[in-house]
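Reader: Please take me through the salt bridges in this model, one by one. Then show me what surrounds them, in short sentences.

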Amino acid sequence: MALFPFLLLKDKKYSSNQVLLQHEKIHFRQQAELLILPFYIWYITEYVVRLVIYKNHSSAYKNISFEREAYANENNTGYLKNRKPYSFFKFI
């Protein structure tokens, strides 16, 4: 879990998982763009809206725009070098 500027991992073994680290680095960039607190407000609001729509935690979580961007690009190690600001808008 990315809580700017910290990365919280359940177990140290995850610290070598490059896909997970890339996913969380994308969240760091999103958080920085939205000046941290607005990111969390937006994230929680979007989760609640999607939970009402999908009536399922997993579907709601996976359809949050921030998560959609991170999942779509977690295998692309060069993504953050070429990522345009506010790219999560493409995933709304």
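Author: A search of the whole structure, which is a predicted model, finds three salt bridges.

Start with Arg83 and Glu33. Their side chains meet in a salt bridge, at 2.4 Å from N to O. Arg83 lies in the segment after helix H5 (79–82), and Glu33 lies in helix H1, so this pair ties together parts that are 50 residues apart in sequence. Both Arg83 and Glu33 are buried.

Arg83 has another partner. The side chain of Glu69 meets that of Arg83 in a salt bridge, at 2.5 Å from N to O. Glu69 sits in helix H4 (residues 65–73) and Arg83 in the segment after H5, so the pair ties together parts 14 residues apart in sequence. How accessible is Glu69? Its relative accessibility is 0%, so Glu69 counts as buried. Arg83 comes to 8%, and it counts as buried too. The cut-off for buried is under 20% relative accessible area. Put the two bridges together, and Glu33, Glu69 and Arg83 are linked in a network of salt bridges.

Arg50 and Glu46 form a salt bridge as well, their closest N and O atoms being 3.0 Å apart. These residues are four apart in helix H2, so about one helical turn separates them. Arg50 is buried, and Glu46 is buried as well.

Now the aromatic rings. The count comes to 13 aromatic pairs. One of them joins Phe4 and Phe28, and it is edge-to-face. The centres are 6.0 Å apart, with 75° between the planes. Edge-to-face calls for planes over 60 degrees apart, so this angle qualifies. Phe4 lies in the loop between strand S1 (2–3) and strand S2 (6–7), while Phe28 lies in helix H1 (residues 18–33), so the pair ties together parts 24 residues apart in sequence. H1 is also the helix that holds Glu33. Is Phe28 buried or exposed? Phe28 is buried, with a relative accessible area of 19%. Phe4 is partly exposed, at 36%.

Tyr86 and Phe89 make a tilted pair, 6.4 Å centre to centre and 40° between the planes. Tyr86 counts as partly exposed at 37% relative accessibility. Phe89 also counts as partly exposed, at 46%. Tyr86 and Phe89 belong to one aromatic cluster, together with Phe39, Tyr40, Trp42, Tyr43, Phe66 and Phe88.

Next, the surface. Met1, Leu3, Phe6 and Leu8 make a nonpolar surface patch of about 400 Å². Met1 lies in the segment before S1. Met1 is exposed, with a relative accessible area of 56%.

Met1 also belongs to the largest pocket. That pocket holds about 440 Å³ of space. It is lined by 17 residues, and Met1, Ala2, Leu8, Glu24 and Tyr61 lie nearest its centre. Met1 and Leu8 are therefore shared by the patch and the pocket lining. Which elements supply at least two residues of the lining each? S1, H1 and helix H2 (37–54) do. The largest share comes from H1, with five residues.

So H1 turns up in several places. It holds Glu33 of the salt-bridge network, it carries Phe28 of the edge-to-face pair, and it gives the largest share of the pocket lining. H2 holds the bridge between Arg50 and Glu46, and H2 supplies at least two residues of the pocket lining.

How values were computed
Residues numbered from 1 in each chain as written. Predicted model: local features only at pLDDT ≥ 70, side-chain atom pairs only at ≥ 80, totals over all residues. Heavy atoms only, no water. Phe/Tyr/Trp six-rings, centres within 6.5 Å; stacked < 30°, edge-to-face > 60°. Buried < 20%, exposed > 50% of the residue type's maximum accessible area, 1.4 Å probe, protein only. Patch = residues over 30% accessible without salt bridge, like charges linked within 9 Å, V, L, I, M, F, W, Y side chains within 5 Å. Areas by Shrake-Rupley, 256 points an atom, 1.4 Å probe, with all protein chains shown as cover. Salt bridge = Lys/Arg side-chain N within 4 Å of Asp/Glu carboxyl O. 1 Å grid on protein atoms, 1.4 Å probe; cavity = no way out; pocket = protein on both sides within 12 Å on 5 of 7 lines; lining within 4 Å. Points joined across faces, edges and corners; volume = space filled by probe spheres on them.
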